[in-house]
Amino acid sequence: MKRIFLFISLFNFCIAITPVMAQIGAPYIHDPSTIAECDGKYYTFGTGGGGLISEDGWTWNSGADRPGGGAAPDVMKIGDRYLCIYGATGGGLGGGHAGRILTMWNKTLDPKSPDFKWTEAVEVCASDGMEDQDAIDPGMLLDPTTGRLWVSYGTYFGTIRLIELDPKTGFRVKGNKEKDIAIDCEASDLIYRNGWYYLLGTHGTCCDGVNSTYNIVVGRSRSVEGPYLDNVNRDMFHGGGRLVIAAGDRKAGAGHFGRTIIDEGVEVMSFHWEADFDQGGRSVLAIHPLLWKNDWPYAGELFKGGTFEIESERRGYSLELAVDFVRMPQERMGWFNREQMQQPVKPVANQTLEQVQGSWPKGEIAVRCGDYMFRPWQKWTITPRPDKGSRLTGPLYEIKIEGTNRALTATANLELTTKDFQGEDAQLWWIEQLTDGTYRIMPYVIPGQEGKNTKYCIYSAGDSTPTLAEYDFNSDNSKWNFRNH
């Protein structure tokens with residue numbers, strides 16, 4: 001939702017090694033606020049009071065504290081305090097649409113801190129239950145260009161409205177008049193990027209578990225007050241909206257968008273799934289990569305591991321072991337031999353590990369880039385290791401040559417090698433999807449350097465020369481793709 005820059009803290013925790021499908025722990029929440037960081041921990045608040053806390057951004061459990069009950073809160077840090085906004089009643093809660101939206105402040109989000117104390121809630125807008133509007137589901141934007149604080153709110157019961165608050169007090173700006181900016185959505189949110197204001201709304205039906213059709217749509221404008229148009233110039237005030245994310249991967253009901261910026265070119269979107277089929281149809285917190293194409297946001301996919309070609313964005317060459325090329329035997333079928341061309345087609349089998357591994361050097365083998373040829377030294381099996389550590393963008397991974405225990409390993413001289421996997425920190429990797437859809441691959445640690453690595457990634461220093469260098473989103477040298485051939 002807001003531009004929140006986070007320094008990611010890394011924590012180890014122990015769980016069973018299983019395929020990473022979503023957030024872990026007990027991430028059960030409805031209508032989550034945008035993720036906020038406080039003293040190295042992450043917080044999100046939901047409908048009904050309370051919320052979730054995470055020490056690493058991936059494992060979430062209950063424990064956040066928000067008084068007032070109500071629905072669909074949002075929270076953001078302004079200066080050295082946290083402002084919370086939420087809807088009291090409204091949205092059909094209790095049978096009516098008379099709603100109130102309130103704000104309150106706290107010095108900290110940590111309920112165990114001696115400074116933890118919410119101020120008295122202050123009403124900033126309301127609906128009387130008779131007008132064509134419903135004061136609920138607020139989302140905040142602190143405009144980075146002006147410092148002004150805006151709130152969008154409303155439901156399907158009527159319009160989505162925009163008001164302005166004082167960022168110093170959290171009160172309504174004196175004399176501010178609300179403005180209708182959209183219809184046919186709820187749980188709206190505002191963000192700013194590259195000269196555009198974006199209104200994200202939740203479209204479809206909610207609160208029906210596996211039958212919920214919630215999905216997130218977006219329009220954009222050069223002015224925070226709109227009009228917000230979609231990719232075919234439909235105004236959201238007349239029902240427009242470009243899809244950002246809908247149901248998928250046995251999860252339905254995407255709603256309540258929030259944006260978090262982690263690094264240049266590294267962003268995530270938080271939201272809830274109304275129903276996770278694999279978790280009994282419960283409403284759960286979700287965190288996906290946030291991607292951008294032609295200045296439009298859309299959801300990326302969670303990276304789950306598998307066996308891939310790792311392809312450089314720089315040239316398209318494949319990451320591979322620096323071993324001799326082993327030719328494949330083949331009965332040549334010349335087009336000029338008519339008799340031969342009449343024979344049945346015999347598929348050519350892939351080269352196997354057993355056919356080439358005996359010629360590889362013993363011990364460590366360096367890594368290079370080359371033309372992808374479906375060869376065993378070019379196929380990497382990537383396995384999530386949340387037991388070794390996680391963060392907002394996902395867990396750590398091990399990267400091995402398929403069918404072997406030979407693992408990609410960072411070296412002290414900022415090079416890459418492969419050797420037998422021993423669970424060393426230098427053999428663990430962050431894999432994060434960037435806003436343009438490519439990936440950066442970063443070693444967890446670099447031998448000889450103090451602390452966890454925060455700046456070096458696998459870098460294509462030349463067409464055939466991978467190394468470790470400082471991440472640069474503006475260079476294709478820092479970017480990689482995963483191809484499942």
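Four strands form an open sheet in the order β6-β7-β8-β9, with antiparallel pairing. This is a predicted model, so every feature described here belongs to a prediction. In the sheet, β6 and β9 (122–128) stand at the edges. Each has a single partner strand, so one side of each is left without a neighbour in the sheet. Neighbouring strands are turned by 15° against each other on average, direction ignored.

Start with the pairing of β6 and β7. Strand β6 covers residues 71–78 and is joined to β7 by 6 bridges. The two run antiparallel. They form a hairpin with 2 residues between them. In that turn, G79 has a positive phi of about 65°. Two positions show how the strands line up. A71 has G87 of β7 as its bridge partner, and D74 stands opposite I85 in β7.

Now cross to the other side of β7. Here the partner is strand β8, residues 98–106. The pairing is again antiparallel, over 8 bridges. G87 stands opposite I101 in β8. G87 is also the bridge partner of A71. Strands of a sheet pair through backbone hydrogen bonds, either parallel or antiparallel.

How enclosed is strand β7 by the rest of the structure? Of its 9 residues, 7 are buried, so the strand is largely enclosed. R81 lies in β7 too. With a relative accessibility of 28%, R81 counts as partly exposed, because buried means under 20%. Its side chain reaches the backbone oxygen of K168 at 2.9 Å. Leaving aside neighbours within four places in sequence, R81 is in contact with M76, W105, N106 and K168. I216 is another matter. The C-alpha atoms of R81 and I216 are separated by 29 Å, and the two residues are 135 apart along the chain.

A charge over a ring comes next. The charged end of R66 sits over the ring of Y86, 5.1 Å from its centre. Another such arrangement involves R440 and Y471. There the charged end of R440 is 4.5 Å from the centre of the ring.

Two buried charged residues deserve a stop. One is E164, in strand β12 (residues 160–165). Its relative accessible area is 10%, so E164 counts as buried. The side chains of E164 and R148 are joined by a polar contact of 2.8 Å. Setting aside neighbours within four places in sequence, E164 is in contact with R148, L149, W150, R172, V173 and N176.

The other is R259, in strand β18 (residues 251–263). R259 is buried because its relative accessible area is 1%. What does the side chain of R259 make a polar contact with? One partner is the side chain of E267, at 3.0 Å. The backbone oxygen of Y192 also lies 3.0 Å from a polar atom of the R259 side chain.

Turn now to the aromatic rings. How many aromatic pairs does a search of the whole structure find? The search finds 14. Among them is the pair of F325 and W377, which is edge-to-face. Their centres are 5.9 Å apart, with 75° between the planes. F325 lies in the loop between β23 (318–321) and α1 (338–341). W377 lies in the loop between β24 (365–370) and β25 (380–391). The pair therefore ties together parts that are 52 residues apart in sequence. Are the two rings' residues buried or exposed? F325 counts as partly exposed, at 48% relative accessibility. W377 is buried, with a relative accessible area of 2%.

Y439 and F482 form another edge-to-face pair. The distance is 5.0 Å centre to centre, and the planes are 85° apart. This pair links distant parts of the chain, 43 residues apart. Y439 is in strand β30 (residues 439–443), and F482 is in strand β33 (residues 480–483). Both residues are buried. Y439 and F482 also belong to a wider group. Ring pairs link them with F303, F308 and Y397 into a cluster.

Methods. Residues numbered from 1 in each chain as written. Predicted model: local features only at pLDDT ≥ 70, side-chain atom pairs only at ≥ 80, totals over all residues. Heavy atoms only, no water. Buried < 20%, exposed > 50% of the residue type's maximum accessible area, 1.4 Å probe, protein only. Polar contact = N/O pair within 3.5 Å; in protein donor to acceptor, adjacent residues only side chain to side chain. Contact = heavy atoms within 4.5 Å. Phe/Tyr/Trp six-rings, centres within 6.5 Å; stacked < 30°, edge-to-face > 60°. Lys NZ or Arg CZ within 6 Å of the ring centre and 35° of its normal. Pairing = 2+ DSSP bridges. Axes fitted to C-alpha atoms, helices over the stretch in contact; angles between N-to-C directions.
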